[in-house]
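Work through these exercises with the structure open. Try each task before reading its solution.

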Amino acid sequence: MSFILETKELTIAFGGHVAVDHISVRIPEKQFTSVIGPNGAGKTTFFNLLSGQLQPTEGEIFLRGEPITKLRPTKRTRKGIGRSFQMTNVFPNLTVLENVRLAVQSRNRVRFQMFRHFSSYKEFEREAMELLEQVLLREKAHSLASNLAHGEKRKLEIAMLLALETDILLLDEPTAGMSIEEVPAILDVIRSIKERGDRTIVLIEHKMDMILDLSDQVLVLFHGELLAEGSPEEIMQNTTVQSAYLGGLYDGSSA
Amino acid sequence: AACSSDDASSEGTEDETETGETTDGSEEEATSGEPIKIGVLASLSGALESYGKQTKQGFELGIEYATDGTNEIEGRPIEVVYADTETDPKVARQKAIGLLEDDKVDFLVGSSSSGDTLAVLPLAEEYKKIMVVEPAVADSITGKDWNKYVFRTARNSSQDAVAGAAAIAKDGVKIATLAPDYSFGRDGVAAFTKAAKDLGAEIVHEEYADPTATDFTANIQKIIQSEPDYLFVIWAGANSPWNQISDMKLQEKGIKISTGAPDIAALSTMKELVGMEGFTVYYHTLPDNEINDWLVEKHQEKYDAVPDLFTPGGMSAALSITEALKKTGGKVDADELITTMEGMSFETPKGTMTFREEDHQALQSLYKIRLEEQEGVDYPVPVLERVLTPEETAPPIQN
Amino acid sequence: MEALLSVKGIETYIDQFHILHDIGFEVPKGEVTVLLGRNGAGKTTTLRTIMGLNPASQGQVTFKGEEITKLPPYQIARKGIGYVPEDQGIFAGLTVGENMKVSMQKEDDATLERMEWVLELFPDLKKFWKKPGGQLSGGQKQMLSIARAYMNENELLLIDEPSKGLAPIIVEKVMESIQQMKEKTTIVLVEQNFMMASKIGDRFYILDDGQTVHQGRMNELNENEGLRKKYLGIA
Amino acid sequence: MRPLKWERSTGIYLLVFSFFLLVPFFYDNRTILFLMTQIFIFGIFAMSYDLLLGFTGIVSFGHAMFFGIGAYSVSVIIDRNEPTMGYLLLGTIVGIVIAGVVSLLAGLLTLRLKSHFYAMLTLALAGLFLVLAEKWRGVTGGNDGFTMQIPEFFKDRGHLYLTCLVSLIVLFFLVRRFTQSPTGRVVMAIRENEQRVESIGFSIMFYKVAVSVISGIVASIAGVLYILSLRFVDTSVFATDVTLDALLMTIIGGVGTLVGPLIGAGLIEVAHHYLSELASVHWIFERWLILFGIVYILAVIFFPRGIVGSLQYMWAKRSAKKKSSSKEKDLAS
Amino acid sequence: MDLLLSLTVNGLATGMLIFLLAAGLTLIFGLMDVLNFAHGGLFAWGAYSGVWVYDLTGNFFVAIIGAIVTGLLLGLLTEYLIIRPVYGNHVQQILITLGFMIVLSEMLKVVFGPDQKAAQPPAFMDGSFMVGDVILIKYRLFIILVGALVYAITFYILRKTKIGLIVRAGVMDKEMVQSLGINIRLVFMLVFMVGSALAALGGVLLAPYSGVIYAEMGMEFAILAFIVVVIGGMGSFTGSLFAAILVGLAQSFMAYYYSDLSLAVNMLLMVSVLVFRPQGLFTGKG
Ligand SMILES: Nc1ncnc2c1ncn2[C@@H]1O[C@H](COP(=O)(O)OP(=O)(O)OP(=O)(O)O)[C@@H](O)[C@H]1O
Ligand SMILES: Nc1ncnc2c1ncn2[C@@H]1O[C@H](COP(=O)(O)OP(=O)(O)OP(=O)(O)O)[C@@H](O)[C@H]1O
Ligand SMILES: [Mg+2]
Ligand SMILES: [Mg+2]
C-alpha cells in the first residue's frame, strides 16, 4: 500500500493550548480514512494543517513524499488536496451555480483570462450543473448562496469540493445538519467516489454508522493526540474510545 | 472720480483717435443701450464664504457709486452676474465658462482664492476678456501665470510683505517670522525677508507651522530661543496662533508681535494682541476720502454693518471697470480696454490706485496700524499710524 | 392540556420569497415538540418567525394566550422564550465567558446555579472560558450556543439542530439535559438526528415546502415504519 | 440566454454612448460640454473606484492619490517642456507608470492584511503626496498651483469632449470585459470570501494587487483628462475631497455595477451645477448645499443599493415574483 | 531638560485634546462600527452651541453642559433619522453621513452665521504660569484633567457594565442579541448619543484652546480623530488614548526638531503603525 499523505510530528499550539500534538500518520492512497474524536480534539485543526489554512508550529507534511509544509492553500489545492469546511464557507452573494462554476474554472486552470467573457466557457456551466444535480441542488442553481437553508449550504460545500476533482478529498462533517432523507443521497455520492477507487478520501464525522460503513481505516484524535488507529471494527471495540467519545449511545449498533 | 490725473486723460484722447480710425458707425449705435455684462466669481459658500460676500457687496456698492445709482455707464446699463466658485478650481472654471459663454459677460472679476483665480486666468486670454482679480493674492497671478488681460485691484503677497516690513523693519532690528507651511506662507516670508533686509533689519529665524495645526507651542518655543525683537506673523487659516503666543508670554519676554490685521471676524480672535504694530489692507476708519465715507455710510445703511477687509476691494474692482468704460465711451473691446487701463489711475475707497503698466498690478496704499482696545467694540481696533504710500509698497515686477 | 405556544396559519416572506405557506401547530406545556422535514422545508424559518426574526405577514403566534406575532424579537425573548439558532450565533469576538455574560438576563443566584450546572454539563466551556468564541471548534460552539440558552429561566426553548457536530457522548448529555429541563421548560426542537428526536420527542410535526404536512405523537412514528418511510424516507 | 442578455445591454450602452458622441455636432454650448466633460472624467475616476470597492471589496481612502499623480505628471512635464502631443503622451505614460508602481507597492504592502489597512495606507500615502506637491514648490508651485498650456488640439471644446468620452467608452468596455472575464469572477469571489477562494486554488494576492494596479492606472488617466480640461493644477487634486467624490459617485450610482458610478458622476455633477445656480434665484437657496446634502440622504433612503443597484434589485425581485406566482399557479392547477 | 519637559507637557495636552475629539468616535466607529462622517458636524455643533451658551451665561461649566446637551439631542436625531436605517452597511453609512455632514455644517451657518467666532477660556483658566523655565498653560492642564476624567469614567463604564459587551455583540450579530432579550436598538441609540455628546464636549473644549471656531472645523478634526481611532486599534478606549497622546507628542516634537516635516507627521505616524503594528496599538475591548 502506498501512502499519499504523511505527517511527521505535526503540531500546532494556539497560545498555550496545543490543539494538534505531534501527530504522525500516513494516509494510504486511494483508501477511505476517517478521523473521529471528541469535540475540540483537533480534527478540524488537523485538516487546516493539511490544507494549509494553518501553519504548524512544528512538524512536517508530505504529499507523495514531497514536503508541502510551507505551501499556501492555493498551491496545495492545485497539487491535489481539496477540502470542505465544517462551518459553511461559500460565496454568499454569488449564485449557487457561480459558486460551483468557480471551482470548475479553477480545476481547468483558467485563472488569468481577462478578456474573454466568462459565459463563453459553456462547458464549465454544464459541469457545474451536473454536480448540482448530484447533490440535489439543481433547483437552487440560480438562488444566491446566502439564501440557502443550512442543509443546502452543506450540499453546495460538497459540490464545490467535487468540482475541484482533487486526488485527495478532505471532508469535514459533510452531512452535519443534512436531513435524514437526504443523507443517503450524499452518502451515495461519496460512496461512488470511493468505489471508483481513484481518490483518497479523509472524512471527519460524528455519525458512527457512516464511519463503519465507509472507512478502511480510522484515526482517533483525543486532546490533539493520536489515540488510536485501525480498522473501524477495532476502533469500535477500543474501550478508551468508547468511554471518551462514544458514550452509551453506540454500545451496540443503534440506528 | 473726476479727478483722474493728466496722463489718464491723455490716454483718453488716444482712445478717441483710435476709435476714430476704426469707426464703424453702426457698431457704435448697436453697443449703446445694450447692457454691459460683468461676471463676478467669488466663494459664496464654503470656507472662504465671508471673503466672497465682502467682495460681492463691495462690487455692488461700487457700481452704485460709479453710476450714481442709475446702473448705467455711457448710456449702457450694467448687468452683474455673480457666480459661486465654492473655492474649487474646477467649479471656478466651470462657472467662468458659463459666464463667458452663456451670459456673454464682457468682464470677469474674481476670485476669493488664488487657486480659483489661476484656473480662470487662461480663459480671460482665450476669450479676450478683461479679468480684474480681486482679492486673490498669489504673486504668480501677476507674475508667472499672468497674461495681458489680467488686471489686479487686490494687493499681492509681495505688497503685503513690503508693507509688513515697512511697519517694523529698521536698521538693526531682529525679526523672526512665523508662517503656515504652504505657498502663501513661504512666498510671503520670502518677500518679507527681502523687503526687511532692504530696510536694514536682520531675519533671525523663519518658522513654518502646519497650516492646520492646533498646537503652536513648539514653534513658538523655537522663536523665543532665537531672541528676536519682533515676531512677524503671516497667517490666514481659521485656526490661529494668537492665544498661544500670548500664553507663551512673548510680549513679556520683550518680543513684539506684528502681523497683517485680518477681517473683523478674525480680529475678534486677536484680543491678546492689543498694542501690536502691524499693517492692514483696509479698516473702515483708516482711509480718509469721500468714497470711503460714502462706502461706510451706504454699507451701514444697507447691511447694518461697517465694510470689512475685502469690501473696498470689491468696490475698487467695480470702479476700475467703470472708470475704464467711461474712458472708452462704453466700448468693451479688450485691446482698447487694455491700453486704457494700463497705467490708469482711479479713485477707490482706499485712495488712488494705479495699474502698473508692466504687470497690471494696482499700486495702492496700505496702512501701518496699531491694535487698540476701544470702548463699545468687542475686538481690537486697528488704529492708523501711517499710510504706506503706493510707491512705498510697490512690489517687484515678476512677470 | 393547554397549548403554551400555538402557531396558526403562518405565512412568511423573506424579501420577495414566499417561504412559509400556512404553517400551524400547537406546543403543549411540558412536552418536547419536534419539527421534522427535508432541507429547505422551512423548519428554521418557522423558529425564526416565532422569535420575530422573520415576522409573519399573516397568521398568529400565541404564547401563553397572548399574541406575539408582531412583537420585536427582544420582547419575545423577554417573555420567556429562548432560542438556539441553527448557525449557533456565537459572538466570535467575545470570549466564552463574555458570551455567557451577555446572554444572562439577570445575574441572580438562580442564574449562577444554572451556570454551574451548564458548565458541568459542558466542561469544555469552563476550560476555554477566556477564549474568543470564534476560535472554538464546531462542537464547542454548539455547546456554547446551547449553554447560553440555558442561562435564563425560559418557559419555552426553541432549539435548532442541537446535535449537529457534536460527538455522540455530548449528544447524550444534551439529551439528558433536555430531559431534565422538561419539568420547567417546554421545548420545540428541530432535529435531523432521528435517534435523538425519537428518544426525547413527545410529539412531532413534519414540514414540507413551507407547510405542515403531518403531525402526531412521537411513539406513533417510532412504531409505524410506513409513516417513517413515507415522510422521512427511512426504515 | 446569458450571452443574449449581455448583447442587449451592450447594445443599449452603445446606443447611449453614440448619442453622446453626436452631441457636440449639434449642440455647441460650452458650459454644458464642459459639464459633460467633467462627468466623463469623474465617471472614469469613479469607475476605477468601483473596481476596487464594488468588485473586489477593497476600500481606499486615498484614491485621489492616483488621480493627482496623473494630473501632476502631465502638467509638470508639459509645463517644463512644450505643450505638444508628444509631451502629453509622455506625461500620461509617466503618470500611468508612477500610479502603477505606487498601487503595486500599496497593494503588496497591505492587501495581505484585512481590508481597512489598504484604506488607511492609501489615506496616508495620498496625504504624503499632497505634502510632496506642497513642498516641491519649485516644480509644483505648491498650494497655489500653476496654469499650463495644452496641445492646440485639446483647446477645441469638441475635441476635448470627444477625447474624454472616447476614453470613457474604451475604458468602460475594457473594465467591463475584465469584470465579466473569468478573472473578474474570481475577483468578485474574493470580495465574497477571500479564504475560500484560496482553498479552491486561486491565489488571492495576485488578483487583489492586479485590481489595485488597474484601478490606479485608470484613475491616473482620469487625472490626465482632468488637467486637460482645467489647464491648471494645484494640490487640491490630492485632497480627501476628491476621494470622497469618487466614493459618493460610486455609492450613489450603485456599488459593483460599473455603470452606476457613471450615472452617479452624472447625477452629482448635474445636481451640483443646477443646485448651485439656485443660489442666485432666491436668497432662500443661499444655503443650497443643504439641498445637496439632502440629495445624499434621500438617495440612501430611496435607493439603498445605489440607483443602478436598486433598479437591478427591483427588476430581479419582480421577475422572481413572476416566477414564484406562476409556480403557485402551476401548483394550483 | 526644561525644553523636553515643556514639549512633553504641551504634546500631552494636545494629545489629550485629540483624545477628547476621538473618544466619541471610538464609541461610534470603533465600538459600534458606524462610519460616521457626520461626527465632525456634531463636534462643530458642540463648539458653537457651547460658545453661544458661554457668551450668554458667562459660565464655562454651563457652556460645557450646554454643549453636551446639544450633543445628546443631535445624537438622538442623527441616530434615529440617519444611522438607524444603515447599521451594518458601511457603504450606505458613508453616503448618508456625508450628506448629513453637509446639512449639519450648513445649518450651523444658518443659525450662527458664516463667520468664524472667537472663543476665550474663562478668566480663571486664562494665561499661563512658569515653573522654572517651563511655561505651563493653565487651560492645557485643565484639558489634561478633563481628558483623564473622561477616559477613566468611560473606561470604568465599559469595564464594569455589560454595555460594552452588548454593543460589541450587537455589532457581530444583531439578531442573536435581540433573541437574548436585549433591546439593541435602544442600546445603540444610547451609545450613539453618548458618542455624540463626547464629540460635542471635544468641540467645546477645543474652542478656547485654539481661540476660534469655524464651520469647517468639523471635517478637519474628524479625519484626525478617525486616524487616532484606527491606529489605536478599533474600539479600544485605551488604544485611542495612547494613539492620541502619541500623535500629540509626535506633533510637538516634530514641530520643534523637524518642523519641515510637521505637515506629514500624522501620515508618517500612520504609515509606521501600519507597517510595524498593523493591528493597531491596542486590540479590541476596554
Ligand atoms: N484559531 C484558533 N485559535 C485558537 N484555538 C483554536 C483555533 N482553532 C481551533 N482551536 C482550538 O483547538 C482545539 C481543536 O479544535 P478543532 O476545531 O480542531 O476541533 P475538532 O476536533 O474539529 O472539534 P469538533 O468536532 O467540535 O469540530 C479546540 O479546543 C479549539 O478551541
Ligand atoms: N434569506 C433567505 N432568502 C431567500 N430564501 C431563503 C432565505 N433563507 C431561507 N430561504 C429558503 O427558504 C426555504 C426554507 O429555509 P429554512 O432555512 O427554513 O429550511 P430548513 O427546513 O431549516 O432547512 P435545513 O434543514 O437545511 O436547515 C429554503 O428553500 C431556503 O432556500
Ligand atoms: Mg471540527
Ligand atoms: Mg434549518
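## Exercise 1: A pair within one helix

R191(A) is partly exposed, with a relative accessible area of 22%. The model is predicted.

**Task.** Find what R191(A) meets in a salt bridge, and state where the partner sits.

**Solution.**
- Step 1. The side chain of R191(A) forms a salt bridge with that of D188(A), at 3.1 Å from N to O.
- Step 2. Both residues belong to helix 6 (residues 183-196) of chain A. They are three residues apart, so about one helical turn separates them.
- Step 3. Check the partner's exposure. D188(A) has a relative accessible area of 45%, which makes it partly exposed.

## Exercise 2: Two salt bridges in chain B

**Task.** Which elements hold E64(B) and K302(B)? Then decide whether D359(B) is buried or exposed.

**Solution.**
- Step 1. E64(B) and K302(B) meet through their side chains in a salt bridge, 4.0 Å from N to O.
- Step 2. This pair links distant parts of the chain, 238 residues apart. E64(B) lies in helix 3 (residues 49-66) of chain B, and K302(B) in helix 11 (residues 290-303) of chain B.
- Step 3. E64(B) is partly exposed at 23% relative accessibility. K302(B) is partly exposed at 46%.
- Step 4. Turn to D359(B). Its salt bridge is with R356(B), and the closest N and O atoms are 2.9 Å apart.
- Step 5. The cut-off for buried is under 20% relative accessible area. D359(B) is at 1%, so it counts as buried. R356(B) is buried too, at 11%.
- Step 6. Salt bridges with shared partners also join E49(B), K53(B), R287(D), E106(E), K109(E) and E216(E) into one network.

Over all chains, the structure holds 63 salt bridges.

## Exercise 3: The contact of chains E and C

**Task.** Describe the contact between chain E and chain C: its residues, its area and its salt bridge.

**Solution.**
- Step 1. Chain E gives 16 residues to the contact, and chain C gives 23 residues.
- Step 2. The two chains bury about 1,800 Å² between them, with 62% of it on carbon and sulfur atoms. On the chain E side, K162(E), L165(E) and L180(E) lose the most area to chain C, together 30% of what that side buries.
- Step 3. One salt bridge is counted between chain E and chain C. It joins the side chains of E175(E) and R48(C), at 2.9 Å from N to O.
- Step 4. Six residue pairs are in polar contact across this interface.
- Step 5. Helix 6 (163-172) and helix 7 (174-179) of chain E each give two or more residues to the side that touches chain C. By class, that side has eight nonpolar, four polar and four charged residues.

## Exercise 4: Two ligand sites

**Task.** Which chains surround ligand 1? Where does ligand 2 lie?

**Solution.**
- Step 1. Residues from chains A and C surround ligand 1, so the site is shared between chains. Of the 22 residues around it, K43(A), T44(A), T45(A), S137(C) and G139(C) come nearest.
- Step 2. Oxygen atoms of ligand 1 lie 2.8 Å from a backbone N or O atom of G40(A), and 2.4 Å from an N or O atom in the side chain of T45(A).
- Step 3. Ligand 2 lies between chains A and C. An oxygen atom of ligand 2 is 2.8 Å from a polar backbone atom of G40(C). For the side chain of T45(C), the distance from an N or O atom to a ligand 2 oxygen is 2.5 Å.

Key:
Residues numbered from 1 in each chain as written. Chains lettered and ligands numbered in written order. Predicted model: local features only at pLDDT ≥ 70, side-chain atom pairs only at ≥ 80, totals over all residues. Heavy atoms only, no water. Contact = heavy atoms within 4.5 Å. Buried area = accessible area lost by both parts, 1.4 Å probe. Polar contact = N/O pair within 3.5 Å; in protein donor to acceptor, adjacent residues only side chain to side chain. Helix = DSSP H or I, 4+ residues; strand = E, 2+ residues; numbered from the N terminus. Nonpolar A, V, L, I, M, F, W, Y, C, P; charged D, E, K, R; others polar. Near = heavy atom within 4 Å. Buried < 20%, exposed > 50% of the residue type's maximum accessible area, 1.4 Å probe, protein only.
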